Amino acid sequence: MGTVVDAAAKKEANGSLADLNPTVVFVLGGPGSGKGTQCANIVQHFGYTHLSAGDLLRAEIKSGSENGTMISNMIKEGKIVPSEVTIKLLQRAMLEGGNDKYLIDGFPRNEENRAAFEAVTKIEPSFVLFFDCSEEEMERRLLGRNQGREDDNIETIRKRFKVFLESSLPVIEYYNSKGKVRKIDAGRPVEEVYESVKAIFAPKNEKAD
């Protein structure tokens with residue numbers, strides 16, 4: 001299944017990504033925390049490239065590649081896509097992206113993702129942007145946003161929130177112990193949340209208004 005080629009590609013990508021040494025910011029927050037909206041703002045005002053692990057996996061499936069078929073089959077069987085697969089897609093996107101600043105959204109989802117990302121890419125995030133939002137507020141937002149997502153019913157929302165807490169909080173705690181977490185109160189209106197985001201990204205001496 002092309003493992004030799006994969007291994008070679010990974011080795012090559014490893015070197016180049018470490019050489020590129022991009023600024024990486026992990027963006028974490030539960031469903032409905034508003035991180036997608038804020039990522040768009042950061043891209044627009046601070047020149048970052050936004051990478052969503054979920055979007056990259058969906059694009060790979062759509063491409064019909066051998067890798068995409070494997071990912072699709074795993075999802076259908078209810079299996080978790082291995083960290084290495086997602087990391088390889090992120091790595092490729094960074095190498096091809098032509099930028100040196102990336103927001104990685106919705107990843108790492110758990111401690112295993114985190115450890116694998118650092119081991120494979122040899123890169124640590126500059127910091128983790130954590131959109132902290134209460135379960136009640138997230139529920140209110142998700143139920144109110146008629147985007148036609150079938151996973152936006154109350155039971156599923158609660159399940160997604162529980163999964164987020166159980167798997168992502170250890171990642172946040174790990175980076176917190178290294179002083180790398182920038183926590184944002186995401187329960188406020190979008191404009192207020194963005195003011196807090198801006199204060200983190202803008203150089204201290206010339207805060208954007």
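# Notebook: Ser 33, Arg 188 and helix H6

Leaving out neighbours within four places in sequence, I find Ser 33 in contact with Phe 131, Cys 133, Met 138, Arg 141 and Ala 186. A reminder to myself before going on: this is a predicted model.

**Entry 1: Ser 33**

I started here with the UniProt record, an unreviewed entry, which lists Ser 33 under "binding site". The other positions in that listing are Gly 32, Gly 34, Lys 35, Gly 36, Thr 37, Arg 145 and Arg 188.

Where does Ser 33 sit in the chain? I traced Ser 33 to the loop between strand S1 (23–29) and helix H2 (35–46). Next I asked whether Ser 33 is buried or exposed. Its relative accessibility is 4%, and since buried means under 20%, Ser 33 counts as buried. I also looked for a partner for its side chain, and found that it reaches the backbone oxygen of Gly 30 at 2.8 Å.

**Entry 2: Arg 188**

From the same UniProt listing I picked Arg 188. I located Arg 188 in the loop between strand S5 (181–185) and helix H9 (190–201). At 24% relative accessibility, Arg 188 is partly exposed, because that value falls between the 20% and 50% cut-offs.

Which residues does Arg 188 touch, neighbours within four places in sequence aside? I noted Arg 141, Val 193 and Ser 196. Arg 141 also turned up in my list for Ser 33. A polar atom of the Arg 188 side chain lies 2.9 Å from the backbone oxygen of Asp 185.

**Entry 3: backbone oddities**

I then went looking for unusual backbone geometry. Most residues other than glycine have a negative phi, and most peptide bonds are trans.

- I found a cis peptide bond from Phe 107 to Pro 108, with omega near 0 degrees. Pro 108 belongs to the loop between strand S3 (101–105) and helix H6 (111–121).
- Asn 21 is not a glycine, yet I read a positive phi of about 45 degrees there. I placed Asn 21 in the loop between helix H1 (3–20) and S1. Asn 21 is exposed, with a relative accessible area of 55%.
- Lys 122 is not a glycine either, and its phi is positive at about 60 degrees. Its loop runs between H6 and strand S4 (127–132). I logged Lys 122 as exposed, at 57% relative accessibility.

**Entry 4: helix H6**

Lys 122 follows H6, and that led me to the helix itself. At the start of H6, a side-chain oxygen of Asn 110 comes to within 3.2 Å of the backbone nitrogen of Glu 112.

Which residues of H6 are buried? I wrote down Asn 113, Arg 114, Ala 116, Phe 117, Glu 118, Val 120 and Thr 121.

**Entry 5: H6 against H8**

Last, I checked how H6 meets helix H8 (residues 154–177). Their axes come within 8 Å and cross at roughly 50 degrees. I therefore call H6 oblique to H8. From H6, the residues in this contact are Glu 111, Arg 114 and Glu 118. On the H8 side I found Ser 167, Pro 170, Val 171, Tyr 174 and Tyr 175. Sorted by class, the contact has four nonpolar, one polar and three charged residues. Arg 114 and Glu 118 appear in my buried list as well.

How values were computed: Residues are numbered from 1 along each chain as its sequence is written. This is a predicted model: local features need pLDDT of at least 70, side-chain atom pairs count only at pLDDT 80 or more; totals for chains, interfaces and linings use all residues. Side-chain values use heavy atoms; hydrogens and water are left out. UniProt positions are given in the numbering used here, feature names are shortened, and annotations may be inferred rather than shown by experiment. Helices (H or I, at least four residues) and strands (E, at least two) are DSSP runs, numbered from the N terminus. Buried means under 20% relative accessible area, exposed over 50%, partly exposed in between (1.4 Å probe, protein chains only). Contact means heavy atoms within 4.5 Å. A polar contact is a pair of N or O atoms within 3.5 Å; within protein, one must be able to donate a hydrogen and the other to accept it, and residues adjacent in sequence count only if both atoms are side-chain atoms. Axes are lines fitted to C-alpha atoms, for helices over the stretch in contact, and angles run from 0 to 180 degrees between N-to-C directions. Angles under 35 degrees count as roughly parallel, over 145 as roughly antiparallel, 65 to 115 as roughly perpendicular and the rest as oblique. Ala, Val, Leu, Ile, Met, Phe, Trp, Tyr, Cys and Pro count as nonpolar, Asp, Glu, Lys and Arg as charged, and the others, Gly among them, as polar.
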